[in-house]
Amino acid sequence: MNIGLLGTAVLIKRDTAATKTAAGIFLGDSPDKLSTGIVVQIGEGLLETKALNSRVRFRESFAEPLMIDGGEYLYFRDLESAIYYYVYE
């Protein structure tokens, strides 16, 4: 993806819900969308690059969905008000 973001914006690829349990049971289409994902792009105004490629939990109401190269991403204008926390594994 060859795009640049301005300011403190971030682009997140939402995690997908599991379609099969650990026991092998297939789940139907879940209407619930996960509010976690991976930060795939950060704005030029962010000095901390540790956010890039981090798993985060975000506030859904601040997201603007975007389709880029056939993929669905969530665009947030302000990192600090949109991200609840980072998930360290």
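In which strand is the place of Tyr 84? Tyr 84 lies in strand β6, which covers residues 83–87, strands being DSSP runs of E with at least two residues, numbered from the N terminus.

This is a predicted model, in which local features need pLDDT of at least 70 and side-chain atom pairs count only at pLDDT 80 or more, while totals for chains, interfaces and linings use all residues. Residues are numbered from 1 along each chain as its sequence is written, and side-chain values use heavy atoms, with hydrogens and water left out.

The predictor's confidence in each residue, pLDDT, runs from 0 to 100; its mean over the chain is 80, and 82% of the residues reach 70 or more. The lowest and highest elements are listed here, helices being DSSP runs of H or I with at least four residues.

| Element | Residues | Mean pLDDT |
|---|---|---|
| helix α1 (lowest) | residues 79–82 | 70 |
| strand β4 (highest) | residues 64–68 | 93 |

Six strands form an open sheet in the order β4-β5-β1-β2-β3-β6, with antiparallel pairing, where two strands pair if DSSP finds at least two bridges between them. Its edge strands, each pairing on one side only, are β4 and β6. At the β4 edge, five bridges join β4 to strand β5 (residues 71–76) in the antiparallel sense, and Leu 66 has Tyr 73 in β5 as its bridge partner.

Returning to β6, Tyr 84 is partly exposed, with a relative accessible area of 42%, a class that lies between buried (under 20%) and exposed (over 50%), with a 1.4 Å probe and protein chains only.
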